[in-house]
Amino acid sequence: MEARLDPEAILREGLRRGLSELEVVVVSTERVTASIVSGEIKPVLFSARTTYGLRAAIGRRVAGISVGDLGTSLEEALRDLERAVRSSPEDPYWQGFPPKIDRGVRSETYSKNFDYLEPEKAVELAKLVVDSAVERGRVVGADRTTVMEGLVELARVNIRVVNTNGVDVSERCSVFGAYGSVKSVFGGTDSTYDFSLGSRRVAEEELVKRVVEAVDYTTLFRGPTTPESGVYPLVLAPRVAAEVLTAALIPAVSGLNIVEGRSPLKGKIGAPVLNEKVTIRDDPTLPLHYGSRSFDDEGVGVYSKTVFDRGVFATPLTNYYVSKRLNMESTGNGFRTLPGASTAPAPTNVVLENGSGGLEEFTRELKRGIVVYSTIGSWMSNFVSGQVYFTVTHGLLVDGGRVRPVKSFVVAGNIYEWLGGKLVEVGSDAEVNANYVTPSLYIAEAKVSGG
Amino acid sequence: MAEMVSLGFDPVSWIRKGEEMGADYVDVRYQEHTYEFILLDNGVVRESTVSKSRGVGFRVFYKGFVGYASTNDLNEPSLKNALEQALRIARALEGRSRPARVASRGVHRDRVASDYSIDPVDVDVSEKVDLLKAIHATLREERALSSVVLRYGFEKDRRVIASSRGDYVDFTRRMVGVGGVLVAQAEGSMERLSHGESRVAGWEFVKNFDWERLFKENAELVVGALKAKTLPPGKYDVVLDNEMVGLLIHEAFGHASEADIVMSGGSVLENRVGSVVASELVSIVDDGRVSGGVYLPYDDEGSPKVKVYLIEKGVFRGYLHNLETAGFFNASPTGNGRSMTYADNVLVRQTNIYLEPGDWDPYEIIQDTKRGVYLKGRGASGGQVNPATGSFTFTSGPSFIIEGGEVQGMIRGVMIAGNILETLLNVDAVGLDLEVKTSVFGGCGKGGQMVRVGDGGPHVRVRGVALGG
């Protein structure tokens with residue numbers, strides 16, 4: 001889609017109207033999705049949308065608008081922006097929009113497969129999902145296997161960031177996403193499992209692998225019960241490890257949460273806070289990974305950085321605003337929820353470095369314990385207190401060599417204990433789930449609320 | 001012509017164009033959306049943003065195959081391109097999918113807007129900031145608070161739905177609210193509490209509400225939670241307050257009764273219509289017009305939202321439908337076809353789900369409980385369900401132990417887990433204090449789409465619920 005409002009004209013005209021500095025973000029997205037319902041492909045959707053984010057300051061008064069109506073004129077947009085800025089109170093910490101900060105990193109964010117964004121390709125991939133599931137169902141001996149629901153998404157996104165302090169960057173990104181639920185019927189009993197995938201390339205082989213794996217899991221998790229309440233050793237599969245980090249740990253490394261007093265990591269830069277087996281990087285340079293970027297949403301160049309180095313909290317993630325308050329360079333982690341909103345620190349690709357062993361080895365080592373493959377509710381964990389909780393939908397209870405499927409119980413604990421003194425091992429079986437690369441985790445004990 | 005002037009294009013003429021191109025049925029969804037958001041972070045305005053968007057989505061049926069396409073460029077070539085794209089997609093699905101059937105119903109033509117007295121758009125930003133600053137000032141006395149984030153939100157959502165059937169529904173809703181996240185810290189321990197109040201209303205709601213009292217109560221709660229114990233894991237008899245009941249039934253029953261999930265084979269409620277799924281004290285309703293909830297007189301297919309009993313005295317009565325699922329199940333549309341924006345496809349979604357009141361005084365429920373937990377919704381984070389396995393979960397805010405029929409010491413927020421087909425059978429007391437709420441800051445997510453919903457109920461007691469924290 002062609003942009004209607006001219007960013008240079010916005011900057012020029014904004015300055016002429018008395019705004020002291022401006023920033024323009026243009027996000028153009030073209031997206032096709034194919035849904036799967038009960039093994040059938042439907043509906044299929046195409047959308048094209050361009051949204052402008054305009055932010056400006058007069059001294060320390062700052063505000064922004066998002067314009068998602070392409071009929072909006074330059075005059076209307078600037079009038080709304082100026083009104084918002086003039087009626088906004090001063091931000092005493094305001095340091096201006098960033099200057100040009102280019103660290104020379106050019107990440108691979110776009111796959112040529114997206115040059116021709118046709119709905120037929122999404123349909124073809126959705127059909128691949130359905131056929132792979134059905135075929136695997138036959139192999140594992142299910143009476144019937146279907147993809148109950150699912151979605152395949154292909155999108156290309158162009159992002160341009162321009163400001164009056166010299167930033168003018170553009171980045172083209174491709175997005176491939178797929179998720180779904182498979183159900184197998186074995187002797188009249190249903191068993192289900194979910195799969196998901198996110199990447200910047202059309203990862204067909206990986207998609208098939210995940211669907212096949214999901215069907216295999218429908219055999220493993222047949223006829224689950226609920227375990228007794230108590231304290232158990234705990235093994236988390238890679239995707240559950242990613243969920244736990246997402247909700248309970250990574251928001252705490254946001255420089256904004258640290259300076260504003262809502263992170264337990266405040267005052268702990270350079271201090272050991274996790275087990276020395278834990279090293280976590282934020283890496284925007286991984287080729288065609290879901291969170292890969294060359295610039296963040298305010299045009300600051302990105303780079304790979306170690307956030308926890310063998311348990312030591314090495315650096316918070318920052319945008320330009322927070323970096324100034326922390327008296328450090330921006331880490332290039334300023335991202336927005338809307339083009340006209342301010343940025344906040346957020347991760348690109350989170351990589352938990354491999355240790356040794358993996359899900360199978362850890363499960364074999366358990367005398368009595370719980371292995372968690374799939375959960376709901378982990379996003380409700382509390383990064384402020386470090387409290388982790390989730391409800392298990394697919395798990396295994398290992399008890400004296402006997403392994404049986406379990407579900408519908410709460411697992412709870414504290415992330416700094418789980419990744420601290422209670423950490424037995426970090427696995428070496430890293431798996432990519434959207435922008436997280438995580439192996440399995442083996443934790444000495446966690447609270448279980450079940451029967 | 002008046003319609004074209006007000007929208008900048010004429011939906012009816014585009015429907016005709018689609019039909020002339022070979023479509024059997026076309027509907028056009030136009031949306032104008034404004035969202036104003038102000039965030040005061042420890043006394044500093046961190047965010048003051050207004051987002052405005054406008055766009056058109058076409059849905060085309062061709063021999064029962066469905067294509068969607070949308071654009072936010074309302075000039076003729078872009079609209080034509082989107083319409084053609086939708087038809088092309090529908091045609092491409094022939095032979096690769098199963099055709100859908102749209103349920104028949106009457107034609108609806110209406111123009112309706114939710115009630116308000118003062119349009120928040122007409123209130124200066126400085127007045128909104130002053131309100132947040134006044135709340136912040138009252139919280140400064142509480143030394144244990146290490147972070148106070150306050151937010152103001154206003155949403156104006158106008159949707160116009162026109163269809164080949166002849167429907168033309170033009171509906172505008174205004175929602176407004178104030179919320180906040182308080183963080184308390186003492187002796188190396190930290191806790192947070194997120195809570196707010198929203199209404200389908202105008203600025204008058206914000207102006208007349210006692211925010212200082214609400215946030216002082218929230219501050220006391222979060223500071224109290226710092227010193228509170230964690231509940232030992234296990235099964236407990238629980239008394240749920242109004243907000244917790246809303247979360248329970250939204251997660252534990254609402255999603256599983258959405259007919260698109262049932263149609264996909266992903267709901268444990270499949271083939272359960274007419275069977276006992278809850279205690280006879282339980283009646284659950286989905287209603288788009290209940291007081292306190294989100295106002296939805298029509299859905300995004302132009303169907304009127306009718307009051308639907310999902311459960312009546314413990315018996316499951318039926319599913320929530322859009323036009324397509326109603327066609328599939330030979331049922332009547334219930335007005336639950338909803339999409340997040342004009343660019344999204346229509347799913348079956350809840351509107352306001354609530355449990356109908358019974359005859360227990362809430363205090364009597366507590367007095368009648370020898371030992372248990374009083375679960376409070378203030379500070380709860382939400383919930384999630386896997387309707388295929390039947391597992392659901394949701395969290396509470398800081399809550400209280402019940403001993404000997406009395407509310408005793410505070411405990412930190414807990415997570416609740418249960419099974420759809422079991423938990424509601426264990427309800428043995430239903431209060432008379434119905435309350436339904438909604439939020440302008442969040443909603444319910446499904447299939448990558450978030451929509452505003454409401455939920456609630458009276459106080460309810462459930463025996464033997466798994467709690468962890």
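How many cavities of 30 Å³ or more does the structure hold? I found 5. For a cavity I used a set of points on a 1 Å grid over the protein atoms alone where a 1.4 Å probe fits but cannot get out.

A note to self on the ground rules: this is a predicted model, where local features need pLDDT of at least 70 and side-chain atom pairs count only at pLDDT 80 or more, while totals for chains, interfaces and linings use all residues. Residues are numbered from 1 along each chain as its sequence is written, and side-chain values use heavy atoms.

Next I looked at the second largest cavity, with about 240 Å³ of space (the volume filled by probe spheres set on the points, joined across faces, edges and corners). Its lining has 21 residues, and R55(A), W94(A), Y321(A), S342(A) and T343(A) are the closest to the centre; lining means an atom within 4 Å of a point. β2(B) gives the most to this lining, with 4 residues.

Then I turned to the interface. I see 85 residues from chain B and 83 residues from chain A in contact (heavy atoms within 4.5 Å). I count 9 salt bridges between the chains, each a side-chain nitrogen of Lys or Arg within 4 Å of a carboxyl oxygen of Asp or Glu. R55(A), met above at the cavity, forms a salt bridge with E47(B), with the closest N and O atoms 3.2 Å apart. I also noted that β2(B) supplies the largest share of the side of chain B that touches chain A, 11 residues.

How values were computed. Chains are lettered from A and ligands numbered from 1 in the order in which they are written. On a 1 Å grid over the protein atoms alone, a cavity is a set of points where a 1.4 Å probe fits but cannot get out, and a pocket is an open set with protein on both sides within 12 Å along at least five of seven lines; lining residues have an atom within 4 Å of a point. Helices (H or I, at least four residues) and strands (E, at least two) are DSSP runs, numbered from the N terminus.
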